[in-house]
Amino acid sequence: MTSTRFLTGITPSGTPHLGNYVGSIRPSVRASLRSDVESFYFLADYHALIKIDEPARIQRSTLEIAASWLAAGLDPERVTFYRQSDIPEITELTWFLTCVIGKGVLNRAHAYKAMVDKNAASGVDPDSDVSAGLFMYPVLMGADILMFNAHKVPVGRDQVQHIEMARDMAYSFNHRYGEHFVPPDAEIEESVATLPGLDGRKMSKSYDNHIPLFAPREQLRKLIAGIVTDSRAPGETKETEGSALFQIYQAFATVEETMTLRQAYADGISWADAKQLLFERIDHEISPMRESYLALMNHPDRIEAILLAGAAKARKIATPFMGRLRHAVGLRDLRSQDGVKAVKSAKSSLPVFKQYRESDGQFYFKLQAADGRVLLQSVGFASPKVAGQSISLLQTQGSAALPALADQFQSGPEVQNEEIAAALQALLDAKAK
Ligand code: TRP
(Lines give C-alpha, C1' and ligand atoms only; values in the text may rest on other atoms or scores of the structure.)
Protein backbone atom coordinates (compact mmCIF):
# COMPACT_ATOMS: atom_id res chain seq x y z
CA MET A 1 0.00 0.00 0.00
CA THR A 2 1.24 3.46 -0.74
CA SER A 3 1.39 5.90 2.13
CA THR A 4 -0.76 8.97 2.46
CA ARG A 5 0.73 12.04 0.87
CA PHE A 6 0.54 15.27 2.86
CA LEU A 7 1.38 18.57 1.26
CA THR A 8 1.70 22.05 2.76
CA GLY A 9 2.75 25.35 1.27
CA ILE A 10 3.97 28.37 3.21
CA THR A 11 3.91 31.75 1.53
CA PRO A 12 7.18 33.60 2.21
CA SER A 13 5.80 37.02 2.98
CA GLY A 14 7.29 37.80 6.38
CA THR A 15 9.15 36.57 9.43
CA PRO A 16 7.69 33.48 11.16
CA HIS A 17 6.11 34.19 14.54
CA LEU A 18 5.03 32.06 17.48
CA GLY A 19 1.54 31.71 16.01
CA ASN A 20 2.99 30.14 12.83
CA TYR A 21 5.08 27.85 14.97
CA VAL A 22 2.23 26.59 17.12
CA GLY A 23 -0.34 26.51 14.34
CA SER A 24 1.71 25.12 11.49
CA ILE A 25 5.43 24.46 11.90
CA ARG A 26 5.33 22.35 15.05
CA PRO A 27 2.37 20.10 14.10
CA SER A 28 3.75 19.66 10.57
CA VAL A 29 7.19 18.67 11.76
CA ARG A 30 5.57 16.16 14.13
CA ALA A 31 3.38 14.75 11.37
CA SER A 32 6.40 14.41 9.09
CA LEU A 33 7.90 11.92 11.52
CA ARG A 34 5.03 9.47 11.05
CA SER A 35 6.09 6.44 9.03
CA ASP A 36 2.77 6.06 7.18
CA VAL A 37 2.98 9.57 5.78
CA GLU A 38 4.90 10.99 2.85
CA SER A 39 5.24 14.76 3.28
CA PHE A 40 5.77 17.60 0.85
CA TYR A 41 6.65 21.03 2.26
CA PHE A 42 7.31 23.96 0.05
CA LEU A 43 7.90 27.69 0.06
CA ALA A 44 5.13 29.15 -2.05
CA ASP A 45 7.15 31.99 -3.52
CA TYR A 46 5.04 32.28 -6.68
CA HIS A 47 2.16 32.97 -4.30
CA ALA A 48 4.20 35.64 -2.54
CA LEU A 49 4.35 37.62 -5.80
CA ILE A 50 0.59 38.11 -5.58
CA LYS A 51 0.85 40.32 -2.54
CA ILE A 52 4.44 41.48 -2.31
CA ASP A 53 6.33 43.64 -4.75
CA GLU A 54 9.48 43.99 -2.67
CA PRO A 55 12.00 41.52 -4.11
CA ALA A 56 14.35 41.75 -1.11
CA ARG A 57 11.52 40.93 1.26
CA ILE A 58 10.58 37.80 -0.66
CA GLN A 59 14.19 36.63 -0.66
CA ARG A 60 14.63 37.41 3.04
CA SER A 61 11.39 35.73 4.00
CA THR A 62 12.17 32.64 1.93
CA LEU A 63 15.48 32.34 3.76
CA GLU A 64 13.92 32.90 7.20
CA ILE A 65 11.07 30.49 6.71
CA ALA A 66 13.29 27.76 5.28
CA ALA A 67 15.70 28.21 8.20
CA SER A 68 12.80 28.10 10.67
CA TRP A 69 11.42 24.83 9.36
CA LEU A 70 14.83 23.22 9.34
CA ALA A 71 15.63 24.54 12.82
CA ALA A 72 12.29 23.21 14.07
CA GLY A 73 13.35 19.73 13.03
CA LEU A 74 12.11 19.22 9.51
CA ASP A 75 14.35 16.54 8.04
CA PRO A 76 14.92 17.18 4.32
CA GLU A 77 16.03 13.58 3.87
CA ARG A 78 12.73 12.33 5.15
CA VAL A 79 10.38 14.75 3.47
CA THR A 80 10.40 16.58 0.17
CA PHE A 81 11.23 20.19 1.03
CA TYR A 82 11.44 22.59 -1.89
CA ARG A 83 10.81 26.02 -3.25
CA GLN A 84 7.82 26.32 -5.57
CA SER A 85 9.63 28.43 -8.18
CA ASP A 86 12.25 25.71 -8.63
CA ILE A 87 9.55 23.52 -10.14
CA PRO A 88 8.63 25.07 -13.50
CA GLU A 89 6.16 22.23 -14.07
CA ILE A 90 3.89 23.93 -11.52
CA THR A 91 3.35 26.99 -13.69
CA GLU A 92 2.78 24.79 -16.70
CA LEU A 93 0.20 22.74 -14.83
CA THR A 94 -1.42 25.99 -13.70
CA TRP A 95 -2.20 26.73 -17.33
CA PHE A 96 -3.67 23.27 -17.94
CA LEU A 97 -5.93 23.71 -14.92
CA THR A 98 -6.81 27.26 -15.94
CA CYS A 99 -8.30 25.73 -19.07
CA VAL A 100 -10.54 23.26 -17.21
CA ILE A 101 -11.81 25.40 -14.33
CA GLY A 102 -14.82 27.64 -14.83
CA LYS A 103 -14.23 31.36 -14.46
CA GLY A 104 -17.43 31.47 -12.41
CA VAL A 105 -15.86 29.18 -9.82
CA LEU A 106 -12.97 31.61 -9.42
CA ASN A 107 -15.38 34.54 -9.15
CA ARG A 108 -16.60 32.95 -5.91
CA ALA A 109 -13.15 32.58 -4.30
CA HIS A 110 -13.18 34.30 -0.89
CA ALA A 111 -9.98 36.31 -1.27
CA TYR A 112 -11.08 37.74 -4.61
CA LYS A 113 -14.69 38.27 -3.54
CA ALA A 114 -13.61 40.08 -0.39
CA MET A 115 -11.68 42.59 -2.50
CA VAL A 116 -14.58 43.04 -4.91
CA ASP A 117 -17.03 43.56 -2.05
CA LYS A 118 -14.71 46.05 -0.42
CA ASN A 119 -14.39 47.97 -3.66
CA ALA A 120 -18.14 47.93 -4.16
CA ALA A 121 -18.66 49.24 -0.64
CA SER A 122 -16.30 52.13 -1.25
CA GLY A 123 -17.92 52.90 -4.58
CA VAL A 124 -14.92 52.23 -6.80
CA ASP A 125 -14.61 49.85 -9.73
CA PRO A 126 -15.19 46.27 -8.42
CA ASP A 127 -11.87 45.09 -9.82
CA SER A 128 -9.91 48.08 -8.67
CA ASP A 129 -6.49 46.96 -7.35
CA VAL A 130 -7.29 43.33 -8.06
CA SER A 131 -4.48 41.69 -10.01
CA ALA A 132 -5.19 38.76 -12.27
CA GLY A 133 -2.74 36.94 -10.00
CA LEU A 134 -5.08 37.30 -7.05
CA PHE A 135 -7.94 36.04 -9.19
CA MET A 136 -5.89 33.03 -10.34
CA TYR A 137 -4.50 32.26 -6.87
CA PRO A 138 -6.67 29.15 -6.37
CA VAL A 139 -5.52 27.66 -9.67
CA LEU A 140 -1.85 28.05 -8.75
CA MET A 141 -2.64 26.44 -5.42
CA GLY A 142 -4.51 23.64 -7.20
CA ALA A 143 -1.43 23.01 -9.33
CA ASP A 144 0.75 22.83 -6.19
CA ILE A 145 -1.47 20.11 -4.80
CA LEU A 146 -2.33 18.12 -7.93
CA MET A 147 1.27 18.13 -9.19
CA PHE A 148 2.13 15.67 -6.42
CA ASN A 149 -1.28 14.04 -6.14
CA ALA A 150 -1.45 14.88 -2.45
CA HIS A 151 -4.24 13.11 -0.55
CA LYS A 152 -4.35 15.45 2.43
CA VAL A 153 -3.68 19.13 2.70
CA PRO A 154 -3.50 20.41 6.29
CA VAL A 155 -4.94 23.92 6.25
CA GLY A 156 -6.75 26.46 8.32
CA ARG A 157 -10.45 27.05 7.74
CA ASP A 158 -9.76 30.00 5.46
CA GLN A 159 -8.12 27.68 2.94
CA VAL A 160 -10.78 24.97 2.76
CA GLN A 161 -12.48 26.55 -0.23
CA HIS A 162 -9.22 26.39 -2.16
CA ILE A 163 -8.94 22.68 -1.55
CA GLU A 164 -12.49 22.22 -2.80
CA MET A 165 -11.56 24.08 -5.95
CA ALA A 166 -8.53 21.83 -6.37
CA ARG A 167 -10.88 18.84 -6.18
CA ASP A 168 -13.04 20.49 -8.79
CA MET A 169 -10.05 20.91 -11.10
CA ALA A 170 -9.04 17.29 -10.57
CA TYR A 171 -12.51 16.06 -11.53
CA SER A 172 -12.79 18.32 -14.56
CA PHE A 173 -9.40 17.33 -15.87
CA ASN A 174 -9.94 13.61 -15.23
CA HIS A 175 -13.31 13.79 -16.92
CA ARG A 176 -11.78 15.20 -20.10
CA TYR A 177 -8.46 13.39 -20.23
CA GLY A 178 -8.64 10.26 -18.05
CA GLU A 179 -7.75 9.50 -14.44
CA HIS A 180 -4.63 11.52 -13.79
CA PHE A 181 -5.35 13.34 -10.54
CA VAL A 182 -6.27 12.34 -7.01
CA PRO A 183 -8.93 14.71 -5.64
CA PRO A 184 -7.36 16.04 -2.42
CA ASP A 185 -8.99 16.46 0.99
CA ALA A 186 -8.53 19.34 3.38
CA GLU A 187 -7.27 18.28 6.79
CA ILE A 188 -8.54 20.90 9.16
CA GLU A 189 -6.44 21.28 12.25
CA GLU A 190 -9.20 21.45 14.85
CA SER A 191 -6.93 20.58 17.73
CA VAL A 192 -4.43 23.30 16.97
CA ALA A 193 -5.59 26.37 18.79
CA THR A 194 -4.92 29.68 17.16
CA LEU A 195 -2.50 31.55 19.33
CA PRO A 196 -3.55 34.94 20.68
CA GLY A 197 -1.20 37.84 20.08
CA LEU A 198 0.08 40.54 22.44
CA ASP A 199 -3.27 42.36 22.34
CA GLY A 200 -5.41 39.24 22.79
CA ARG A 201 -6.58 39.07 19.17
CA LYS A 202 -5.32 36.22 16.97
CA MET A 203 -1.55 36.51 16.54
CA SER A 204 -0.99 37.85 13.08
CA LYS A 205 1.48 39.92 11.11
CA SER A 206 -1.34 42.13 9.92
CA TYR A 207 -2.37 43.07 13.48
CA ASP A 208 1.21 43.81 14.45
CA ASN A 209 0.65 41.89 17.67
CA HIS A 210 3.07 39.04 17.04
CA ILE A 211 6.17 37.64 18.68
CA PRO A 212 8.84 36.64 16.14
CA LEU A 213 9.64 32.96 16.53
CA PHE A 214 13.36 33.51 16.86
CA ALA A 215 13.44 36.86 18.56
CA PRO A 216 16.63 37.18 20.64
CA ARG A 217 16.10 36.27 24.31
CA GLU A 218 15.93 39.83 25.57
CA GLN A 219 13.50 40.89 22.89
CA LEU A 220 11.36 37.85 23.66
CA ARG A 221 11.32 38.88 27.34
CA LYS A 222 10.33 42.44 26.47
CA LEU A 223 7.58 41.39 24.09
CA ILE A 224 6.12 38.98 26.65
CA ALA A 225 6.16 41.77 29.20
CA GLY A 226 3.92 43.68 26.81
CA ILE A 227 1.12 41.08 26.69
CA VAL A 228 -2.14 42.75 27.74
CA THR A 229 -3.48 41.77 31.14
CA ASP A 230 -6.10 43.29 33.38
CA SER A 231 -5.21 45.54 36.29
CA ARG A 232 -5.53 43.00 39.09
CA ALA A 233 -2.88 43.48 41.72
CA PRO A 234 -0.53 40.77 43.05
CA GLY A 235 -2.42 38.57 45.48
CA GLU A 236 -5.72 39.02 43.68
CA THR A 237 -7.22 35.98 41.95
CA LYS A 238 -6.76 36.07 38.17
CA GLU A 239 -9.09 34.75 35.45
CA THR A 240 -7.67 32.13 33.07
CA GLU A 241 -10.68 32.60 30.82
CA GLY A 242 -9.81 35.18 28.18
CA SER A 243 -6.23 35.53 29.40
CA ALA A 244 -3.93 35.70 26.36
CA LEU A 245 -0.98 34.99 28.63
CA PHE A 246 -2.61 31.80 29.90
CA GLN A 247 -3.52 30.62 26.40
CA ILE A 248 -0.03 31.17 25.06
CA TYR A 249 1.39 29.31 28.05
CA GLN A 250 -0.95 26.41 27.43
CA ALA A 251 0.29 26.08 23.85
CA PHE A 252 3.80 25.39 25.13
CA ALA A 253 3.26 23.65 28.44
CA THR A 254 2.40 20.10 29.45
CA VAL A 255 -1.00 19.39 30.97
CA GLU A 256 0.54 19.35 34.47
CA GLU A 257 2.35 22.63 33.97
CA THR A 258 -0.89 24.20 32.73
CA MET A 259 -2.72 22.95 35.83
CA THR A 260 -0.03 24.44 38.02
CA LEU A 261 -0.40 27.83 36.37
CA ARG A 262 -4.19 27.62 36.68
CA GLN A 263 -3.72 27.10 40.42
CA ALA A 264 -1.26 30.01 40.56
CA TYR A 265 -3.88 32.23 38.87
CA ALA A 266 -6.37 31.23 41.55
CA ASP A 267 -3.78 31.92 44.23
CA GLY A 268 -3.14 35.44 42.96
CA ILE A 269 0.20 35.15 41.14
CA SER A 270 1.42 38.60 40.06
CA TRP A 271 1.32 39.38 36.34
CA ALA A 272 5.06 40.00 36.45
CA ASP A 273 5.70 36.49 37.81
CA ALA A 274 3.27 34.90 35.35
CA LYS A 275 5.07 36.63 32.50
CA GLN A 276 8.41 35.41 33.78
CA LEU A 277 7.05 31.83 33.85
CA LEU A 278 5.78 32.18 30.30
CA PHE A 279 9.07 33.61 29.12
CA GLU A 280 11.01 30.72 30.64
CA ARG A 281 8.65 28.13 29.24
CA ILE A 282 8.82 29.46 25.69
CA ASP A 283 12.53 30.08 25.81
CA HIS A 284 13.10 26.53 27.05
CA GLU A 285 11.47 25.14 23.91
CA ILE A 286 12.78 27.70 21.45
CA SER A 287 16.37 28.34 22.48
CA PRO A 288 17.92 25.12 21.11
CA MET A 289 16.18 25.79 17.81
CA ARG A 290 17.25 29.43 17.91
CA GLU A 291 20.84 28.32 17.84
CA SER A 292 20.42 26.18 14.75
CA TYR A 293 18.32 28.92 13.19
CA LEU A 294 21.12 31.46 13.62
CA ALA A 295 23.68 28.99 12.30
CA LEU A 296 21.55 28.41 9.21
CA MET A 297 20.89 32.10 8.69
CA ASN A 298 24.65 32.62 8.62
CA HIS A 299 24.92 30.03 5.83
CA PRO A 300 22.39 30.80 3.11
CA ASP A 301 24.46 28.54 0.84
CA ARG A 302 23.47 25.53 2.97
CA ILE A 303 19.79 26.38 2.76
CA GLU A 304 20.07 27.00 -0.97
CA ALA A 305 21.69 23.58 -1.42
CA ILE A 306 18.99 21.88 0.65
CA LEU A 307 16.23 23.52 -1.37
CA LEU A 308 17.85 22.65 -4.70
CA ALA A 309 18.25 19.04 -3.61
CA GLY A 310 14.58 19.09 -2.60
CA ALA A 311 13.60 20.48 -5.98
CA ALA A 312 15.54 17.73 -7.75
CA LYS A 313 13.65 15.18 -5.66
CA ALA A 314 10.31 16.83 -6.39
CA ARG A 315 11.03 17.06 -10.10
CA LYS A 316 11.70 13.33 -10.24
CA ILE A 317 7.94 13.14 -9.80
CA ALA A 318 6.87 16.36 -11.51
CA THR A 319 8.80 16.08 -14.77
CA PRO A 320 7.62 12.64 -15.90
CA PHE A 321 4.11 13.35 -14.62
CA MET A 322 3.97 16.58 -16.60
CA GLY A 323 5.16 14.62 -19.62
CA ARG A 324 2.18 12.30 -19.28
CA LEU A 325 -0.17 15.24 -18.81
CA ARG A 326 1.18 17.01 -21.89
CA HIS A 327 0.57 13.85 -23.85
CA ALA A 328 -2.91 13.45 -22.38
CA VAL A 329 -4.02 16.91 -23.50
CA GLY A 330 -2.48 16.56 -26.94
CA LEU A 331 0.81 18.45 -26.64
CA ARG A 332 2.70 15.64 -28.32
CA ASP A 333 5.70 14.60 -30.25
CA LEU A 334 4.46 14.72 -33.82
CA ARG A 335 6.16 11.43 -34.59
CA SER A 336 4.05 9.57 -32.03
CA GLN A 337 1.16 7.72 -33.62
CA ASP A 338 -1.46 7.88 -30.87
CA GLY A 339 -3.22 10.98 -32.05
CA VAL A 340 -2.96 10.04 -35.68
CA LYS A 341 -4.78 6.79 -34.98
CA ALA A 342 -7.35 8.51 -32.85
CA VAL A 343 -8.27 11.05 -35.49
CA LYS A 344 -10.10 8.74 -37.87
CA SER A 345 -9.80 10.82 -40.98
CA ALA A 346 -6.11 11.51 -40.52
CA LYS A 347 -4.66 11.28 -43.99
CA SER A 348 -1.17 10.45 -42.81
CA SER A 349 -2.18 6.93 -41.76
CA LEU A 350 -3.57 6.24 -45.23
CA PRO A 351 -1.78 5.06 -48.35
CA VAL A 352 -1.27 7.70 -51.03
CA PHE A 353 -1.09 7.88 -54.79
CA LYS A 354 1.88 9.73 -56.17
CA GLN A 355 2.22 11.00 -59.69
CA TYR A 356 5.58 12.07 -61.02
CA ARG A 357 7.79 12.46 -64.11
CA GLU A 358 11.05 10.59 -64.47
CA SER A 359 14.23 11.74 -66.21
CA ASP A 360 13.21 9.54 -69.18
CA GLY A 361 10.43 12.09 -69.78
CA GLN A 362 7.69 9.54 -69.05
CA PHE A 363 4.87 9.94 -66.53
CA TYR A 364 4.44 7.42 -63.75
CA PHE A 365 2.29 6.84 -60.69
CA LYS A 366 2.64 4.67 -57.65
CA LEU A 367 0.61 3.69 -54.62
CA GLN A 368 2.58 4.17 -51.43
CA ALA A 369 1.71 2.72 -48.01
CA ALA A 370 1.59 5.09 -45.02
CA ASP A 371 5.02 3.83 -43.99
CA GLY A 372 6.44 4.69 -47.38
CA ARG A 373 6.66 1.23 -48.98
CA VAL A 374 5.65 1.08 -52.64
CA LEU A 375 2.57 -1.13 -53.10
CA LEU A 376 1.95 -0.54 -56.79
CA GLN A 377 4.33 0.87 -59.38
CA SER A 378 3.08 1.88 -62.82
CA VAL A 379 4.89 1.62 -66.12
CA GLY A 380 5.76 4.86 -67.85
CA PHE A 381 3.15 6.77 -69.87
CA ALA A 382 3.70 9.30 -72.58
CA SER A 383 1.09 11.65 -71.10
CA PRO A 384 0.09 12.40 -67.52
CA LYS A 385 -3.56 11.98 -68.47
CA VAL A 386 -3.53 8.17 -68.57
CA ALA A 387 -1.87 7.99 -65.17
CA GLY A 388 -4.47 10.36 -63.76
CA GLN A 389 -7.37 8.34 -65.17
CA SER A 390 -5.99 5.10 -63.75
CA ILE A 391 -5.59 6.68 -60.33
CA SER A 392 -9.15 7.92 -60.27
CA LEU A 393 -10.44 4.50 -61.36
CA LEU A 394 -8.56 2.90 -58.48
CA GLN A 395 -9.79 5.58 -56.09
CA THR A 396 -13.43 5.08 -57.02
CA GLN A 397 -13.55 1.31 -57.61
CA GLY A 398 -10.79 0.03 -55.40
CA SER A 399 -9.29 -3.35 -56.23
CA ALA A 400 -12.18 -4.09 -58.61
CA ALA A 401 -10.39 -1.86 -61.11
CA LEU A 402 -7.14 -3.81 -60.90
CA PRO A 403 -7.75 -6.55 -63.52
CA ALA A 404 -8.56 -4.00 -66.22
CA LEU A 405 -5.37 -2.10 -65.43
CA ALA A 406 -3.15 -5.19 -65.09
CA ASP A 407 -0.87 -4.27 -67.97
CA GLN A 408 -0.12 -0.82 -66.50
CA PHE A 409 1.95 -2.21 -63.64
CA GLN A 410 5.52 -3.24 -63.55
CA SER A 411 5.85 -6.88 -62.72
CA GLY A 412 6.69 -8.27 -59.37
CA PRO A 413 5.92 -5.83 -56.56
CA GLU A 414 7.05 -7.59 -53.40
CA VAL A 415 3.75 -7.00 -51.64
CA GLN A 416 0.82 -9.35 -51.42
CA ASN A 417 -2.29 -8.60 -53.39
CA GLU A 418 -4.27 -8.60 -50.16
CA GLU A 419 -2.26 -5.69 -48.91
CA ILE A 420 -2.90 -3.75 -52.11
CA ALA A 421 -6.60 -4.52 -51.89
CA ALA A 422 -6.68 -3.44 -48.23
CA ALA A 423 -4.89 -0.20 -49.02
CA LEU A 424 -7.34 0.64 -51.79
CA GLN A 425 -10.25 -0.25 -49.51
CA ALA A 426 -8.85 2.05 -46.78
CA LEU A 427 -8.86 4.90 -49.27
CA LEU A 428 -12.46 4.14 -50.24
CA ASP A 429 -13.50 4.02 -46.57
CA ALA A 430 -11.78 7.30 -45.79
CA LYS A 431 -13.57 8.95 -48.69
CA ALA A 432 -16.94 7.61 -47.56
CA LYS A 433 -16.58 9.42 -44.23
N1 TRP B 1 -2.28 29.67 0.14
C2 TRP B 1 -1.60 29.13 1.28
C3 TRP B 1 -1.56 30.18 2.39
O4 TRP B 1 -1.55 31.36 2.11
C5 TRP B 1 -0.21 28.72 0.92
C6 TRP B 1 -0.23 27.67 -0.11
C7 TRP B 1 0.12 27.81 -1.41
C8 TRP B 1 -0.64 26.32 0.07
N9 TRP B 1 -0.05 26.64 -2.07
C10 TRP B 1 -0.50 25.71 -1.19
C11 TRP B 1 -1.11 25.59 1.17
C12 TRP B 1 -0.85 24.38 -1.37
C13 TRP B 1 -1.44 24.25 0.97
C14 TRP B 1 -1.31 23.65 -0.28
O15 TRP B 1 -1.51 29.80 3.52
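In which hand does H3 pass H12 in their crossing? This is taken up in the first of the exercises below, which concern a predicted model.

**Exercise 1. Describe how helices H3 and H12 pack, from the crossing down to the residues that make it.**

Solution. Begin with the hand of the crossing: H3 passes H12 in a right-handed crossing. Next, locate the two elements, which are helix H3, residues 55-71, and helix H12, residues 271-297, and note that their axes come within 9 Å and cross at roughly 140 degrees. Angles over 145 degrees would count as roughly antiparallel and those from 65 to 115 as roughly perpendicular, so H3 and H12 are oblique to each other. Then turn to the residues: H3 contributes Arg 60, Leu 63, Glu 64, Ala 67, Ser 68, Leu 70 and Ala 71, while H12 contributes Met 289, Ser 292, Tyr 293, Leu 296 and Met 297. Sorted by class, the residues of this contact are 8 nonpolar, 2 polar and 2 charged.

**Exercise 2. Work out the orientation of H7 and H8 and the make-up of their contact.**

Solution. Helix H7 covers residues 132-147 and helix H8 residues 160-177, and the two pack at an angle of about 70 degrees with their axes 9 Å apart. Since the range from 65 to 115 degrees counts as roughly perpendicular, H7 and H8 are therefore roughly perpendicular to each other. The crossing in which H7 passes H8 is right-handed. On the H7 side the contact involves Tyr 137, Pro 138, Val 139, Met 141, Gly 142, Ile 145 and Leu 146, and these meet His 162, Ile 163, Met 165, Ala 166, Met 169 and Ala 170 of H8. The class count for the contact of H7 with H8 is 11 nonpolar and 2 polar residues, with no charged ones.

**Exercise 3. Carry out the analysis for H15 and H17.**

Solution. Helix H15 (residues 384-397) and helix H17 (residues 417-432) have axes 7 Å apart and pack at an angle of about 75 degrees, and H15 and H17 are therefore roughly perpendicular to each other. The residues that make the contact are Leu 394, Gln 395, Thr 396 and Gln 397 from H15, together with Leu 424, Leu 428 and Lys 431 from H17. By class, the contact of H15 with H17 divides into 3 nonpolar, 3 polar and 1 charged.

**Exercise 4. Is Arg 83 buried or exposed, and which side chain does the side chain of Arg 83 join in a polar contact?**

Solution. Place the residue first: Arg 83 belongs to strand S3, residues 80-83. Its relative accessibility is 12%, and because buried means under 20%, Arg 83 counts as buried. The side chain of Arg 83 is joined to that of Asp 86 by a polar contact of 2.9 Å. Beyond its neighbours within four places in sequence, Arg 83 is in contact with Leu 43, Asp 45, Thr 62, Glu 304, Leu 307 and Leu 308.

**Exercise 5. Set out the surroundings of Phe 381 and Leu 367.**

Solution. Phe 381 sits in the loop between strand S8 (374-377) and H15, and with a relative accessible area of 9% Phe 381 is buried. Apart from residues up to four places away in sequence, Phe 381 touches Gln 362, Phe 363, Phe 365, Val 386, Ala 387 and Gln 408. Phe 365 lies 16 residues from Phe 381 along the chain, and their C-alpha atoms are separated by 9.2 Å.

Leu 367, by contrast of setting, is in strand S7, residues 363-368, and is buried with a relative accessible area of 0%. Once neighbours within four places in sequence are left aside, the contacts of Leu 367 include Pro 351, Val 352, Phe 353, Arg 373, Val 374, Ala 423 and Leu 424. Leu 367 and Gly 323, which are 44 residues apart in sequence, are 37 Å apart from C-alpha to C-alpha.

**Exercise 6. What is the sign of phi in Asp 129 and in Asp 208, and where do these residues lie?**

Solution. Asp 129 has a phi near 65 degrees, a positive value in a residue other than glycine. Asp 129 is found in the loop between helix H6 (110-121) and H7, and at 72% relative accessibility it counts as exposed. Asp 208, likewise not a glycine, has a positive phi of about 55 degrees. Asp 208 lies in the loop between strand S5 (185-188) and helix H9 (217-225), and its relative accessibility of 63% means that Asp 208 counts as exposed.

Conventions. Residues are numbered from 1 along each chain as its sequence is written. This is a predicted model: local features need pLDDT of at least 70, side-chain atom pairs count only at pLDDT 80 or more; totals for chains, interfaces and linings use all residues. Side-chain values use heavy atoms; hydrogens and water are left out. Helices (H or I, at least four residues) and strands (E, at least two) are DSSP runs, numbered from the N terminus. Buried means under 20% relative accessible area, exposed over 50%, partly exposed in between (1.4 Å probe, protein chains only). A polar contact is a pair of N or O atoms within 3.5 Å; within protein, one must be able to donate a hydrogen and the other to accept it, and residues adjacent in sequence count only if both atoms are side-chain atoms. Contact means heavy atoms within 4.5 Å. Axes are lines fitted to C-alpha atoms, for helices over the stretch in contact, and angles run from 0 to 180 degrees between N-to-C directions. Angles under 35 degrees count as roughly parallel, over 145 as roughly antiparallel, 65 to 115 as roughly perpendicular and the rest as oblique. A crossing is left-handed if the near helix is turned anticlockwise from the far one by less than a right angle, and right-handed if clockwise. Ala, Val, Leu, Ile, Met, Phe, Trp, Tyr, Cys and Pro count as nonpolar, Asp, Glu, Lys and Arg as charged, and the others, Gly among them, as polar.
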